[in-house]
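Me: I would like to go through the labels attached to a structure and ask, for each, what justifies the wording. Please set the value against the criterion each time.

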Amino acid sequence: MPIKKLYGGIEAGGTKFVCVVAGGPDHIVDEIRFRTTAPAETLGRAIQFFQPFVAQGQVSAIGVGAFGPLDLNPESSTYGCITATPKPGWSNANVLGTLQQALQTSIVLDTDVNVAGLGEYKWGASKGYDPSLYLTIGTGIGGGYIKDGKALIGLLNPEMGHLRIPHNRELDPFPGNCPFHGDCFEGLANGPAIEKRLGVAGAVVPEEDPFWDIEADYIASALMNYILILSPKKIILGGGVMQREFLFPKIRRRVRKLLNGYVSSKSILENIEKYILPPGLGNQSGSLGAIALAMQMDEGDSDPRI
Ligand SMILES: [Zn+2]
């Protein structure tokens, strides 16, 4: 049996880090999960995990999908750093530089959503569907758009969570909690907005609560915009809020109603339950996506984002 090449993957999340050494989803050699604490300690644990693999030449490259905002401009002096994050201690943390200096191997960094989108495209629910969209709806809301096998990046990374969507203040007087825009999509529909509005975490709000119809309306409004602008062939919805699976049929119904037959694709008109989907890789979209990113770089694409 030929020896499969191995890669490193880091899902660098705001609450936890997942580090894996793998050749793909069916070949995971080692994995570690730990809480995100101070940058030096957290990156130190990741370095410690990968060091033996790197020392023995077992991993060809390491991919990192990190929470942001991130500076991903290779010409910038703060390239590879987390920029202005509300997460204590992490503003200006040099994620890429710290890992590269300690491990002395090829490391590639992208946003957590771009990387999860790539993982789903390579091995998950959007496998082979190009273009496709991955959206996370949790503590934050963000999206990764995969086109021609790569995550789209333009002037900066797209910020899909901060879309403006209709907000009926009579139905939902909550003013929104985005520090920049108030009632943008993220400000209305992320996990903290649900908790602030209802006084309890979304995870324990009963399925019958009428609020879920409002939440599904917000998500469907945003999806309508993405469908009209980006025309993805699959939409994957991940993140903590989407753990409440009953939201999927509500959202699909509303998307179809909002589009009102205008987008004449069978995927939407007849098979929407196969068009808007939960992640196929479950909670591993991020860590396996980081493996996919490392593979992409190793296959000769020095900067897979561009
Ligand atoms: Zn916003």
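The exchange below takes the labels one after another.

Me: Before the labels, what kind of model is this?

Reply: This is a predicted model, and the values discussed below are computed from it.

Me: What makes H162, C178, H181 and C184 the protein donors of the zinc ion?

Reply: A donor is an N, O or S atom within 2.8 Å of a metal such as this one. The atoms concerned are ND1 of H162, SG of C178, ND1 of H181 and SG of C184, and they lie 2.1 to 2.4 Å from the zinc ion, so they meet the limit. Along the chain these donors follow the spacing H-x15-C-x2-H-x2-C. H162 and H181 are 19 residues apart, and each is placed in the loop between β8 (150-151) and α4 (185-189).

Me: Why is the arrangement around the zinc ion called tetrahedral?

Reply: With four donors, the word applies if all angles lie between 85 and 135 degrees. The angles subtended by the four donor atoms run from 101 to 124 degrees, which means that the arrangement is tetrahedral by this criterion.

Me: Are the two zinc-binding histidines, H162 and H181, buried or exposed, and how do you know?

Reply: Neither word fits, because buried requires under 20% relative accessible area and exposed requires over 50%, with partly exposed in between. H162 has 25% relative accessibility and therefore counts as partly exposed, and H181, at 36%, is likewise partly exposed.

Me: How do you know that D183 and R164 form a salt bridge, and what are their exposure classes?

Reply: The criterion asks for a side-chain nitrogen of Lys or Arg within 4 Å of a carboxyl oxygen of Asp or Glu. In this pair the N to O distance is 3.0 Å, so the contact qualifies as a salt bridge. Both residues are in the loop between β8 and α4, 19 residues apart. D183 has a relative accessible area of 8% and is therefore buried, whereas R164, with 53%, is exposed. The structure holds ten salt bridges.

Me: What makes D213, D217, K250 and R254 a network?

Reply: These four residues are linked by salt bridges. K250 pairs with D213, their closest N and O atoms being 2.9 Å apart, and this pair connects helix α7, which holds K250, to helix α6, which holds D213, across 37 residues. D217 and R254 meet at 2.7 Å, N to O, and here D217 is in helix α6 and R254 in helix α7, again 37 residues apart. K250 counts as buried because its relative accessible area is 15%, and R254 is buried at 17%. D213, at 29%, is partly exposed, as is D217 at 32%.

Me: Which residues have the most contacts inside the largest nonpolar core, and which element gives the most to it?

Reply: The largest nonpolar core has 38 residues, and those with the most contacts inside it are F185, L223, Y226, L237, I251, V255 and I276. At least two residues each come from β6 (132-137), β7 (141-147), α4, α6, β9 (235-238) and α7 (247-259). α6 gives the most, with twelve residues. In soluble globular proteins, nonpolar side chains tend to be buried together.

Me: Which residues form a nonpolar patch on the surface, and what makes V200 eligible for it?

Reply: The patch consists of L198, V200 and V204, which together have about 230 Å² of accessible area. Patch residues need over 30% relative accessible area; V200 has 38% and therefore passes that limit while counting as partly exposed. V200 is found in the loop between α5 (191-198) and α6 (211-230).

Me: What is omega for the peptide bonds called cis, and where are the prolines?

Reply: Omega is about 5 degrees for the cis bond joining G68 and P69, and near 5 degrees for the one from D130 to P131. P69 is in the loop between β4 (59-66) and α2 (95-103), and P131 is in the loop between α3 (112-123) and β6.

Me: How do you know that N260 is exposed?

Reply: Its relative accessibility is 66%, and exposed means over 50%, so N260 counts as exposed. N260 also has a positive phi, near 55 degrees, in a residue other than glycine, and its place is in the loop between α7 and α8 (266-269).

Note on methods: Residues are numbered from 1 along each chain as its sequence is written. This is a predicted model: local features need pLDDT of at least 70, side-chain atom pairs count only at pLDDT 80 or more; totals for chains, interfaces and linings use all residues. Side-chain values use heavy atoms; hydrogens and water are left out. Donors are N, O and S atoms within 2.8 Å of the metal (3.2 Å for Na, K and Ca); water is not among the atoms, so sites may look incomplete. Four donors count as tetrahedral if all angles lie between 85 and 135 degrees; four count as square planar and six as octahedral if opposite donors are over 155 degrees apart and all others between 65 and 115; anything else is irregular. Helices (H or I, at least four residues) and strands (E, at least two) are DSSP runs, numbered from the N terminus. Buried means under 20% relative accessible area, exposed over 50%, partly exposed in between (1.4 Å probe, protein chains only). Patches are made of residues with over 30% relative accessible area and no salt bridge: like charges are joined within 9 Å, nonpolar side chains (Val, Leu, Ile, Met, Phe, Trp, Tyr) within 5 Å. Accessible areas come from the Shrake-Rupley method with a 1.4 Å probe; for residues, only the protein chains shown count as cover. A nonpolar core is a set of buried Ala, Val, Leu, Ile, Met, Phe, Trp, Tyr and Cys residues joined through side-chain atoms within 4.5 Å.
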